[in-house]
Amino acid sequence: EDDFQFLLCEGCRQESPHLKLLTCLHTLCLGCLGKNKPAGQCPVCCTAIPQASGIPGMDNLLFTNLQARLRVYRQMVDGVDLFCDNCRKLGEFWCSECFEFLCTKCFEAHQRYLRWESHRAKRVTDIRAGSAKDFLEGISRTGSLSCSNPDHRSQPVSIYCQRCEKALCCSCALLDNQHAPFRDIRSETQRRQEELSSMERELRRRRSGFEATYASLQGEAARLEEAQREMRELIRQRVEQLVRLLRQEEEELVGLVEARQEQGRRELARELRHVEGVLRRMEAGERLVEKMSLYATEQEVMDMQPFIKGSLQELQRLQPPAAGNQEEPGPFAECRARLQTL
């Protein structure tokens, strides 16, 4: 079965009696062509299908006929329904020209009447003993052409008309004067096969160039993927580096803020203590002057007034420190500048 996987539809990989041959030389069944999306192109290689309906007009006769022949071979190998196509007795022979099973009696009559027409019937047991390849090759060697005229299908064909490019029997060649010039059909068949083989060799030679281009494109795609991977890794490393620098800067700035805050706190505490001391001195002075005016004798006023006066004059010379005049705290100006730089 593995040797004949090429007979399956290249779309659904199923055996089908309706195989179509596209101009791109892919073979697809009608089911795959009917549900092909987008329509109008081969689903395998995306080559455009010339027919507006998206269904090629060319049947893959080779694959369809090979499938039919293989079904006959399986029938013989399995030993199922081997009945003579003439009398329904046990079929012991098979004719590749008639495509029929024959019993022994019908085989003898077949050989008697059709021996001059190269009908070579083989024994079923002999065919069963061979391989499927042997069976198909035997049919290809004994297969005969039929006349292009539907009324002369039974006539043997040995002539090829170069004008209409068709196989003819002797009757068509003699009675229809429109056919000329003629060639031997076997030589024409061989010429066509050789022409296809020559084109196949040239195609194989040209294929190497496309394979080299394909390999180059694959390499370019791989290099692009590698470049993308390297760039993503570089971005990741640089971002991690930036994050580390930012974290380091964060730690430094936080440390600077804490240091400036501690310095400012100490300075404010010192000033608070100073202002608090001044206020207490003022309160003490106000209280002392008030008490003296209430309870001091003249002698006490004369003795203490110069000292108290000097202390009060010193308090009057003191000025309260400027508070709240700056737009922003001085200790954090450096931090704000570094943040702006970041």
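# A guided tour of the predicted model

Begin by selecting helix H7 and helix H8 (residues 298-317), whose axes come within 11 Å and cross at roughly 155 degrees. Axes here are lines fitted to C-alpha atoms, for helices over the stretch in contact, and angles run from 0 to 180 degrees between N-to-C directions. Helices (H or I, at least four residues) and strands (E, at least two) are DSSP runs, numbered from the N terminus. The model on display is predicted, so local features need pLDDT of at least 70 and side-chain atom pairs count only at pLDDT 80 or more, while totals for chains, interfaces and linings use all residues. Residues are numbered from 1 along each chain as its sequence is written, and side-chain values use heavy atoms, with hydrogens and water left out.

**First stop: H7 and H8**

Follow the two helices from N to C. H7 and H8 are roughly antiparallel to each other, a term for angles over 145 degrees; those under 35 count as roughly parallel, 65 to 115 as roughly perpendicular and the rest as oblique. Their crossing is left-handed, meaning that the near helix is turned anticlockwise from the far one by less than a right angle, whereas clockwise would be right-handed.

Next, display the side chains between them. On the H7 side, select Val-278, Arg-281, Met-282, Gly-285, Leu-288, Val-289, Met-292 and Tyr-295; these meet Glu-300, Val-301, Met-304, Ile-308, Ser-311, Leu-312, Glu-314 and Leu-315 in H8. By class, this contact of H7 with H8 has 11 nonpolar, two polar and three charged residues. Ala, Val, Leu, Ile, Met, Phe, Trp, Tyr, Cys and Pro count as nonpolar, Asp, Glu, Lys and Arg as charged, and the others, Gly among them, as polar. Contact means heavy atoms within 4.5 Å.

Now select Ala-296, in the loop between H7 and H8. Ala-296 has a relative accessible area of 25% and is therefore partly exposed; buried means under 20%, exposed over 50%, and partly exposed in between (1.4 Å probe, protein chains only). Leaving aside neighbours within four places in sequence, Ala-296 is in contact with Lys-291 and Val-301.

**Second stop: H7 and H9**

Stay with H7 (residues 185-295) and add helix H9 (residues 333-341): the two axes come within 9 Å and cross at roughly 165 degrees. H7 and H9 are therefore roughly antiparallel to each other, and their crossing is left-handed. In H7, select Glu-249, Glu-252, Leu-253, Leu-256, Val-257 and Arg-260, which meet Glu-334, Cys-335, Arg-338 and Leu-339 in H9. The classes in this contact of H7 with H9 are five nonpolar, no polar and five charged residues.

**Third stop: a sheet of three strands**

Move to the open sheet of three strands in the order E4-E3-E5, with antiparallel pairing. Its edge strands are E4 (100-102) and E5 (121-123), each of which pairs on one side only. Neighbouring strands of this sheet are turned by 30 degrees against each other on average, direction ignored. Two strands pair if DSSP finds at least two bridges between them. Strand E3 (residues 93-95) and E4 pair in the antiparallel sense over three bridges. To find one bridge, select Cys-95 and its partner in E4, Glu-100.

**Fourth stop: single residues**

Arg-88 is in the loop between H2 and E3. Although Arg-88 is not a glycine, its phi is positive, at about 65 degrees. Its relative accessible area is 53%, so Arg-88 is exposed.

Arg-13, in the segment before strand E1 (19-21), also merits selection. Phi of Arg-13 is near 60 degrees, a positive value in a residue other than glycine. At 41% relative accessibility, Arg-13 counts as partly exposed.

Continue to Ala-48, in the loop between helix H1 (30-34) and helix H2 (61-78). Ala-48 counts as exposed at 53% relative accessibility. Not counting residues up to four places away in sequence, Ala-48 touches Thr-23, Gly-40 and Gln-41. Ala-48 and Cys-24 lie 24 residues apart in sequence and 8.5 Å apart in space, C-alpha to C-alpha.

Gly-34 lies in helix H1 and, at 57% relative accessibility, counts as exposed. Between the C-alpha atoms of Gly-34 and Ser-53, 19 residues apart along the chain, the separation is 9.3 Å.

**Last stop: the whole chain**

Finally, show the entire protein chain, whose secondary structure comes to nine helices and eight strands. Of its 342 residues, 21% count as buried. Among contacts in the chain with a separation of 6 or more, 43% come from residues 24 or more positions apart.
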